[in-house]
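Me: I'm new to this one and would like a close look at a single part. Here it is.

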Amino acid sequence: MNADSGQGQLFRSYLSGRTAVYAMALGSAAAFTLGAWQTDPLIMMGGPAGVVAVVVAIAWFTADSKAALNFYWGFANSVGLTYANSIELLPLTPLLGAGDRRHVEHWIYGRLPGGLSGGIGQLVWERIERGSNGRKGVADRNRFTICTVDLEASLPLFHGVFLHPRRGLFAPYPDWLASTPTRTLEVESSRFGERYELRVATDQDEIMLRRLLSPTLVSWLANHPLAPGFELKAGTLCAFVPQALEDGGNLTAMIDATTHLAGRVLAQVQEEQARVA
Amino acid sequence: MTAVYVVLAVLALVALWTVLAYNALVKSRNKVDEAWSGIDVQLKRRHDLVPNLVESVKGYATHERETLQQVTVARLAAVEAEEPAAVERAEARLTSALGGIHALAEAYPQLQASESFQRLQAELAAIENEIQAARRIYNSNVEHYNTRTQQFPTVLIAGSMSFAPRDFFEVETPAERGVPQVAF
């Protein structure tokens with residue numbers, strides 16, 4: 001199952017529905033009459049064709065969004081979570097505050113496996129720039145799949161850990177961390193280094209981070225099929241992939257990856273608390 | 001004159017490539033060393049845990065001096081080993097000796113029920129997982145480095161600047177190395 005499942009069937013049912021048929025018939029007749037009144041054969045021929053094209057396009061987009069809604073709603077039910085169509089999240093980590101305008105589509109939230117509170121959805125963030133004509137417009141629009149978990153207990157130990165997929169020279173999305181003061185760290189694994197870029201807040205305790213990035217976690221991240229990045233800041237873990245995951249298998253894998261990461265962070269927190277005690 | 005410029009440009013490109021390739025090889029070799037340190041850290045954690053484990057066993061299995069002696073000797077050899085090949089052998093021996101302690105636990109139910117022994121066993125299992133992961137990272141880095149040193153044209157630099165290939169690290173005991181027999 002994915003977000004396109006049932007789209008074709010819905011499209012056909014919309015197109016053969018009474019509304020679409022009436023819209024096409026009345027719209028075409030109106031366009032033809034207008035063309036006749038104007039004595040313009042182009043409107044008489046092209047008008048009805050234009051009306052049909054518009055109705056088909058509307059039916060297509062409606063079917064697309066309805067199919068996505070059905071899929072995400074069904075997925076939320078199947079994993080025992082709640083579906084919310086579109087929301088805005090607090091910008092607790094740099095990614096959650098990326099760009100000039102952002103919202104989360106198909107937000108699914110509740111108690112994730114392991115009892116942690118969190119959610120998964122499609123983060124859409126845009127950068128607004130002033131064009132050569134002086135008008136503001138969308139410079140780029142980016143769609144990421146994110147999965148967040150509340151980890152308040154991590155707040156004293158982790159002030160800012162940002163593990164991002166390595167962007168390379170021709171990255172398809174801008175660096176949203178560019179304006180955040182960070183320093184880059186290296187991890188011993190070559191494979192991990194090829195895949196990820198690790199940046200931390202300037203006040204992040206490096207020893208704490210090295211303890212978190214144990215060989216098992218480094219090896220797990222270096223070989224994970226989704227190559228998820230994550231940000232850990234302000235008591236929030238935000239795992240992400242820089243693409244829209246729109247099928248049940250990948251969304252489940254994303255939730256599992258996030259809860260695995262959260263489990264490691266919590267284990268590290270408990271270990272530190274025991275060390276202090 | 002144009003020919004001179006062309007030759008100079010080609011020489012400059014070759015020099016630039018040499019510097020970049022050399023730096024990449026150095027970086028790759030350093031990653032191997034760094035990953036080796038990662039293994040070393042985890043092995044040291046295991047070495048530090050073994051005396052506690054031996055002590056906890058001593059209280060319950062006083063007649064098993066030989067097994068405990070084997071573990072102590074194997075640990076000492078593992079601590080003293082430095083070269084990767086020697087470390088590999090010593091760690092395999094220690095793993096094998098620790099297997100003796102696991103077997104002891106089955107013969108002494110009180111030992112198996114002991115809370116401190118269970119905690120140490122769990123800690124040992126976690127460390128062994130970390131050792132396995134550190135080993136995977138090291139071997140992956142070695143593969144990466146060896147491939148670089150053997151690929152053309154970096155092989156020209158690796159050969160002339162003594163970037164010797166590295167060995168993989170394997171700590172399996174002979175028992176682990178064996179192919180499991182599955183009977184249907």
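What do the buried residues of α7(A) pack against?

Reply: They pack against α3 (41-78), β3, β4, α5 (206-212), β8 and β9 of chain A. Before we go on, this is a predicted model, where local features need pLDDT of at least 70, side-chain atom pairs count only at pLDDT 80 or more, and totals for chains, interfaces and linings use all residues. Residues are numbered from 1 along each chain as its sequence is written, while chains are lettered from A and ligands numbered from 1 in the order in which they are written.

Helices (H or I, at least four residues) and strands (E, at least two) are DSSP runs, numbered from the N terminus. Contact needs C-beta atoms, placed from the backbone, within 7 Å.

Now for the helix: α7 of chain A covers residues 248-276. Its 29 residues should span 42 Å at 1.5 Å a residue (times one less than the number of residues), and the end C-alpha atoms are indeed 42 Å apart. Among its buried residues (20 or more other C-beta atoms within 10 Å of their own) are A:L251, A:M254, A:I255 and A:V269.

Helix α7(A) lies across β3 (117-130), β4 (136-150), β8 (229-233) and β9 (236-241) of chain A, at about 145° to β9(A). Angles run from 0 to 180 degrees between N-to-C directions, with axes fitted to C-alpha atoms, for helices over the stretch in contact.

Those strands belong to an open, antiparallel sheet of 9, ordered β1-β2-β3-β4-β9-β8-β5-β7-β6; pairing takes at least two DSSP bridges. Its edge strands are β1 (82-87) and β6 (182-185) of chain A.

Conventions:
Two residues are in contact if their C-beta atoms, placed from the backbone, lie within 7 Å. A residue is buried if 20 or more other C-beta atoms lie within 10 Å of its own, exposed if 12 or fewer, and partly exposed in between; C-beta atoms are placed from the backbone.
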